[in-house]
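Here are some exercises to work through with the model open beside you. Try each task before you read its solution.

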Amino acid sequence: MPKTEHWGWYVERFAPTEEHHHAIGRVLYSGRSDFQQIAIIETEVFGKMLILDGDTQSSERDEHVYHETLVHPALAAAADRSNVLILGGGEGATLREVLRRPDVRLCTMVDIDGLVVDLAKRYLPEWSDGAFDDPRARVIIGDALAYLRDDREAYGAILSDLTEPLPDSPSHPLFNDAVFSLVKTRLAPGGIYALQASTAAIHNAALHCKMARTLRKHFRYVRSFFTHVPAFDTDWAFLACSDTVDVASTPAERIGEYCAGLRGTSAFYDAETHRRLFALPLYLRRMLAEEGEVF
Ligand code: SAM
């Protein structure tokens, strides 16, 4: 690492007056695809980081926290895990976590940006850890919305690992009433739709609550859960939605059995972590109960 005064910085701007500065050790890639600006950098604290349109997607040091949280509460509770769909998920780490379960027969991942997937294979192979070569993986480069419209399969779990739905993001068209109801039609009985759902930090939970409110129009159970993700410098939230399964209430014994059936070693998720993920602070419970904007 060069001395401080010579460092270049990746500055993630949360608001005009709030920034997190990461000193860049090395830039592995910087360019643009047809869909977004892409950077892969190396930093001392977080290791390699994938950044899309100036927004941190995941870091080598803590990506397990994010990806295990997105995948395992939903799969542990799902009635049938044999057929799983991932929307987005370019790095291949969501795919990796899904395929750790031997009872997954097929996992389809649909990401719009082939360049992100290629760069992840080349520069971030630890994220996918061989998952792209697993015969149970089917990777489709295309728009997840078009895929959902054309597809006729039924999935035990649909996992949305899309970029933040900001107005100019290619993920934006996937966050609205019509699409949430379309997703529901693609779920098998007992199926679960889990999505990464923005920050739930006390000063910045409006987008998360808007997603939850909109999803509540379509699903009987819509559960928020969150964890701190250090590379994001905030509490990151997720939603688990189903008409039949309350993911927040999965019994510890079931989670224990599910985790025992995972190949390899987990870094974050088990029955104790599950309890912590779904134990929401008062401010968030209040915000989620309030009336407000929907998509
Ligand atoms: N962890 C992330 C975060 O915090 O936002 C999400 C990770 S993953 C890299 C996001 C992926 O969503 C990207 O690879 C991007 O190409 C993909 N994506 C965005 N819009 C999409 C769409 N309409 N269809 C399919 N994939 C999409």
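Two strands count as paired when DSSP finds at least two bridges between them. Keep that rule at hand for the opening exercise, and remember throughout that this is a predicted model.

**Exercise 1. The open sheet**

Task: Work out which strands are the edges of the open sheet of five strands, and find the partner of L50 in β5.

Solution:
- Begin with the order, which runs β1-β2-β3-β4-β5 with antiparallel pairing.
- Look next for strands that pair on one side only: these are β1 (8-15) and β5 (55-59), the edge strands.
- For the geometry, the twist from one strand to the next averages 45°.
- Now go to the end of the sheet where β4 (residues 47-52) meets β5: the two are joined by four bridges in the antiparallel sense.
- Within that pairing, L50 has S58 of β5 as its bridge partner.

**Exercise 2. The turn after β4**

Task: Find the sign of phi at D53 and at D233, and place both residues in the fold.

Solution:
- Start with the expectation: most residues other than glycine have a negative phi.
- D53 has a positive phi, near 50°, and sits in the loop between β4 and β5.
- With 41% relative accessibility, D53 is partly exposed, since that category lies between 20% and 50%.
- D233 also has a positive phi, near 60°, and belongs to the loop between β11 (221-229) and β12 (234-242).
- The relative accessible area of D233 is 37%, so D233 is partly exposed.

**Exercise 3. Salt bridges**

Task: From the 14 salt bridges in the structure, examine E126 with K48, R96 with E97, and D134 with R136. For each of K48, R96, E97 and R136, decide: buried or exposed?

Solution:
- In the pair E126 and K48, the closest N and O atoms are 2.9 Å apart.
- E126 belongs to helix α4 (residues 125-128) and K48 to strand β4, so this salt bridge ties together parts 78 residues apart in sequence.
- To judge burial, use the cut-off of under 20% relative accessible area. K48, at 9%, is buried, whereas E126, at 39%, is partly exposed.
- The side chains of R96 and E97 form a salt bridge with an N to O distance of 2.9 Å. R96 is buried at 8%, and E97 is buried at 2%.
- This pair is part of a network: salt bridges with shared partners join E63, R96, E97 and R100.
- Finally, D134 and R136 form a salt bridge with their closest N and O atoms 2.9 Å apart, and R136 is buried at 14%.

**Exercise 4. The ligand site**

Task: Which residues come nearest to the ligand, and how much of the ligand's accessible area does the protein cover?

Solution:
- There are 26 residues around the ligand, and Q36, D111, D143, A144 and P170 come nearest.
- Take the side-chain contact next: a polar side-chain atom of D143 is 2.9 Å from a ligand nitrogen.
- Then turn to the backbone. A polar backbone atom of A144 lies 2.9 Å from a nitrogen atom of the ligand, and one of I112 lies 3.1 Å from a nitrogen atom of the ligand.
- To finish, consider cover: on its own the ligand has 600 Å² of accessible area, and the protein covers 100% of it.

Terms used:
Residues numbered from 1 in each chain as written. Predicted model: local features only at pLDDT ≥ 70, side-chain atom pairs only at ≥ 80, totals over all residues. Heavy atoms only, no water. Axes fitted to C-alpha atoms, helices over the stretch in contact; angles between N-to-C directions. Salt bridge = Lys/Arg side-chain N within 4 Å of Asp/Glu carboxyl O. Buried < 20%, exposed > 50% of the residue type's maximum accessible area, 1.4 Å probe, protein only. Near = heavy atom within 4 Å. Polar contact = N/O pair within 3.5 Å; in protein donor to acceptor, adjacent residues only side chain to side chain. Areas by Shrake-Rupley, 256 points an atom, 1.4 Å probe, with all protein chains shown as cover.
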